[in-house]
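Hi,

Here's the structure I said I'd send over. Have a look at it first, and my notes on what turned up follow below.

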Amino acid sequence: MKDFLEMRNIVKRFPGVVANNRVNLTIRAGEIHALLGENGAGKSTLMQILYGFHSMDSGEIRMDGKQIRLDSPKDAIALGIGMVHQEFMLVRPFTVVENTVLGMREGRGPLLDLEQASRKLQELSNRHGLALDPAARVGSLPIGVQQRVEILKLLYRDASLLILDEPTAVLTPQEKDQLFAILRKLKQDGRSVVIVTHKLKEIMECADRVTVMRDGQVVATREVRETSEHELTRLMVGRDVNLRAIKPERKPGAAVLQVKDLRVEDESGREKVCGLSLEVHAGEILGVAGVDGNGQSELAEALLHLRRIEGGQVIVNGADVTSRSVAEHRAGGISYVPADRRRVGSVPEMSVADNAILGQQRKYVRGLFRDLDEARKSAEKLTARFGIRGSGIDQGAGKLSGGNLQKLILGREILRGSAVLVVEQPTRGLDVGAVESVWQELIRARQEGKAILLISAELDELLNLADRIAVMFEGRIMGIVDAVAASVEVIGLMMAGIRPAGAANTGATMKEAPSGETV
Amino acid sequence: MNGPSFVLSAFVVTWLTASLRLAGPVLLAALGETFAEQSGVLNVGIEGTMLLGALASFLVSFYSGMIWASLIAAVLAGIAANLFLAWMYVTIRANQVVSGLVFNVFAVGVASTVYRKAMGDSALPESIAMFQPLHIPGLTRIPILGPVLFGQTILFYATLLLACIAYFILFKTNLGLALRASGENPAAAASAGISVARMRYLGTLISGAGAGMAGGYLVLAQVGLFRESIVSGQGFIALGIVIFGRWNPLKAAVAAMVFGACDALQLSLQIFGSHVPSQLLLALPYIVTILAISGLFGGKAVQPAALMVPYDRE
Amino acid sequence: MARLFERRLVPADSPAAIMATTSAAFLAAMLAAAFLFVSYDASPFQAYYALFHEPFATLRGFGYSLVRASPLALIALGTIVSWRSGFSYLGFEGCFVVGAAAAGWVALLTAQGAAIGPIPFILFLPLAILAAYLAGGAWAGIVGLVRARLGGNEVLISLMSNYVAIFILQYLVSGPLRAPGSLPESRLFPKGSWLPFILPGTRAHAGILIAIAAAGIVWVLLKKMPLGYEFIVTGFSPSAARYAGIDVGRRLLLASFFAGGLGGVAGLTEALGSQHRLMDGISGGVGFVGIVVALLARLNPLAVIPTALLYGGMSVGADAMQRRASIPSSITFILQSLAVLLVLAFDVLRYYKINFDFRRGTPSSTAPQVSE
């Protein structure tokens, strides 16, 4: 196979970071090439450069041996490069066909010709087995179908190189298999596919070659046939670790958080949590697994009263807190580490000291005024206790690295001393070092007897930390399994909505003590 | 024809004629603003732009007497002024509301300085040649509707035509699709190869042309002279009309007529000696706009998702 | 690769950098205005002397500067409270007018033979301030309510509401409150309701003291009180505020009320301190210039008083300039607004640094670092 595209010595700087440091990447015609690396390794930046979204500081890109310039996505599109971004680039109020022809010049000159475009789109979707209604509004389509729209957009433009950034994050295992089948077919057409991912299994499953990036540099390129998951992990992480959390034994105590038949809706009135029940005990981590968008966020928000509860009950330490306000709720025993660190969990424009009291601003008060001395003291304590590195508590919280910011939020929520801790995607986007310390802190909180509800899309995280794992699918709990005995396959099936024989069926009958307390 | 019914029909004719006459300039400004807002720019500066357009058309008409050249001067002045605004909005990515508001103050300063410099301190405002109502023969004789619909100036018919053209461009062309995408989801537009900056410059410049021409309309077809208070909030009314018309040029035309009708009702009632306080009627268009934006009736207007959100590719 | 101006990856945000760009913008605006002065055959130096000498170096002029500064400062403070809470309110022109009307109404009630009758100033002032504050607060509060409950766009609603307020005042002075005579204006307020003059030989009145007190209160509110902290969190990030147990809707409502009240008191200082009667056109654009003052003060309550004095003084100087050198006062409008536009535009400069070593060609090096 011949080399189709070549990126040489690409350098790209961002504030305080060299995102790509002399990166080389070669893509052959008709191959599926995986770009592997941890969050922040520079994969997405590299692909944004290839798509003309970012300019590079130095380096060159060659296609079929000729040097090319990519000043904007327009140049990339003209050269047959297409990209499906991690966040879909779709205009929600537009129809599928409008999204498809957006930015294209063809047909009746300056006039839109949606009919002809619809016909062509229909033809393409039939040929590739991607069922789709061209006249549907994109905003009303499920995520999986939106991805189909994105792929069809590229095919409509007859792209010869397709870049997919983390395409499986929003898919069930079954949808993922479908996607891979499509990609293989595209490969047979002679097109090249780059998939950006940090999931090893997917690479072994569908890629021909893999390039591993770490800290903005390329570590290695391998034929997938000749490598192993073990080798790839080592290349990706840079040391031979298998991230493992050592979790001391602990007998869970009484049920602290009880959720009964909870119903929650999203903004558009669709039911996202449909009669969900669960219990978390003191000194226990209950993991909640599931593909993003199956009601996990809504569950967390409803527990904190950030979202209206349509039905059911939330009980903390025997007291019904269903109808309390957020402020009463926070005072009354639930802490929350939200998934969105920079927009919900903290205020980046304010100082570390001010962020350290977020949610407790009415506690640090002397008379009518804020007790700034006390607030500063507690911020100092927080940064010392959780090892938050930065240039002091007066610096803007936005200048902290992701890991340190997460420690600030997690520490704040742990120290406020509530009995229940709800944690959502605590390590998303963090580097390995930060992941380790966040895990340690969660285990420590468990040892201190907190009841922890851990919502995560990373199965690895759940298997390491949780005592029990509840799998959510379309707003319901498919089953709860003991983390030690759990198999990835069983959890995967439940994530896809299939209840395997033998898995503990819980539903609303979670009354008895959890089975997995002795590890 | 007996007395009361004659008075009534005279009242209706004056009222409706004035409604359409008053709707013209704000509709023109609103049409331009629709393009700006669809591309993601809230151009509050159209108030000041209208004033500059009015000044330009007045001066050109005063010195040259060429009425069409005056109108073109108004359009060009609007475009030039909004080139600066577009630079602030798109290139500098300054706060759109703040830049627009301060620009309005700036425009007042420029307009009154230039006017005084050009005209001296003469006490009497100078007046100029104006567009006259067409009075299409035959058609004007249709009772009530005739004089109302066919007794307007050519600028009014041109404005209606522009509303149709604006609708066609926004919703039936590739350009319109690209422009709307820039206002809904600039990242998606950019990823489809569209230059969001170019679209937003275009939207802002079109709104400049519309507002400048609206200023010319005020001078050349309604007032016949220039004074600093000639615009007095009509640019802001146009912003309301855009929302009332749900970012659709044809609906904006209807909205503009409603506003014109409120405004004209006050004039007509005064002429016919009514005792309703004129201020209540003067305030009516503003109150209607407030209610329309609040979403108290007719459901809430959903604005372009990225309106007022600066876009930076990196 | 190395250039004289090198793009920074993040803007310089030290106070010195902000001062530098602000002063540069001001100088550029003054330079532009200087050309305008030249076009009137006036020496720019003499023009600027006239512009600044009268308001700041003569007692009489300084008194007028204080008179103009008081409402500007109060409106700027209102702007700070609302904008820092994330409520982009532009309706201060309206708050000013309804505040002036409310204070004027109370003043007229204390006239000989009116409903209340003469009362001591020490009783009258709190009553008038309360009336003006409530009127302005309610006026802005309605918009706050619409935003909090219905999610309406406060920028446009508040812009429109200005006109409604102006028409209300117009109605009052041409109808119920109209004094006999040809002009649509109210009777002169009784002397006992005038704000006391504070500098002998000038028109300076106690309004500036009210403004200074308000600046202190706003500073304490935002910096020292839990409510201010909640306002600021709400302004930066409503979702973080909700997460922190802050009732965002109620905070917006409260902030809009506080801010509007300050705008109402601004109307009071103008009505009771300087005009001593109600009339159409009493605001004259103060509601917008006050917002500009707040922006120029970078939404810092302590910087508001000097900035308002500068802006108020410039308008006094502009009138003097027009009288003496027959340079139109509208040039000051240009100068003032251009300064703000350039401040906004020059913020871009903070993204650049001057590379003094550019000839030696040392590229700026950034230590490799892992991002998150």
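A quick definition before the domains: the bounds I quote come from an automatic or database domain assignment. Also bear in mind that this is a predicted model.

With that in hand, chain A is assigned domain 1 (3-237), domain 2 (253-333 + 418-519) and domain 3 (345-416). If you measure between C-alpha centres, domain 1 of chain A and domain 2 of chain A are 34 Å apart. Where those two meet, eleven residues of domain 1 of chain A are in contact with ten residues of domain 2 of chain A. On the domain 1 side, that splits into six nonpolar residues, four polar and one charged.

Next, the A/C interface. Here 37 residues of chain A are in contact with 22 residues of chain C. Several elements of chain A each put at least two residues into the side that touches chain C: strands S1 (3-14), S2 (17-28) and S18 (369-370), plus helices H10 (326-331), H11 (341-345) and H14 (402-415). S2(A) gives the most, with four residues. By type, the chain A side has 17 nonpolar residues, twelve polar and eight charged.

Now for chain C itself. Its secondary structure comes to 13 helices and two strands. How does its radius of gyration sit against the one for a compact globule? Chain C has 23 Å, and a compact globule of 372 residues would be near 21 Å, so the two agree. Along the principal axes, the C-alpha atoms of chain C fill a box of roughly 85 × 60 × 35 Å. Buried residues account for 53% of the 372 residues in chain C. As for contacts in chain C between residues at least 6 apart in sequence, 80% of them join residues at least 24 apart.

One helix in chain C is worth pulling up in your viewer: H10, residues 248-275. This helix of chain C has 28 residues and runs 39 Å from first C-alpha to last, close to the 40 Å expected at 1.5 Å a residue. Is H10(C) mostly covered or mostly open? Mostly covered, with 24 of its 28 residues buried. As a general reminder for when you look down a helix, an α-helix has 3.6 residues a turn, so residues three or four places apart point the same way. Just after H10(C) comes C:His276, with a positive phi of about 60 degrees.

That's what I have; shout if anything is unclear.

Cheers

Conventions. Residues are numbered from 1 along each chain as its sequence is written. Chains are lettered from A and ligands numbered from 1 in the order in which they are written. This is a predicted model: local features need pLDDT of at least 70, side-chain atom pairs count only at pLDDT 80 or more; totals for chains, interfaces and linings use all residues. Two residues are in contact if their C-beta atoms, placed from the backbone, lie within 7 Å. Ala, Val, Leu, Ile, Met, Phe, Trp, Tyr, Cys and Pro count as nonpolar, Asp, Glu, Lys and Arg as charged, and the others, Gly among them, as polar. The radius of gyration is taken over C-alpha atoms; the globule rule is 2.2 Å times the number of residues to the power 0.38. A residue is buried if 20 or more other C-beta atoms lie within 10 Å of its own, exposed if 12 or fewer, and partly exposed in between; C-beta atoms are placed from the backbone. The expected span of a helix is 1.5 Å times one less than its number of residues.
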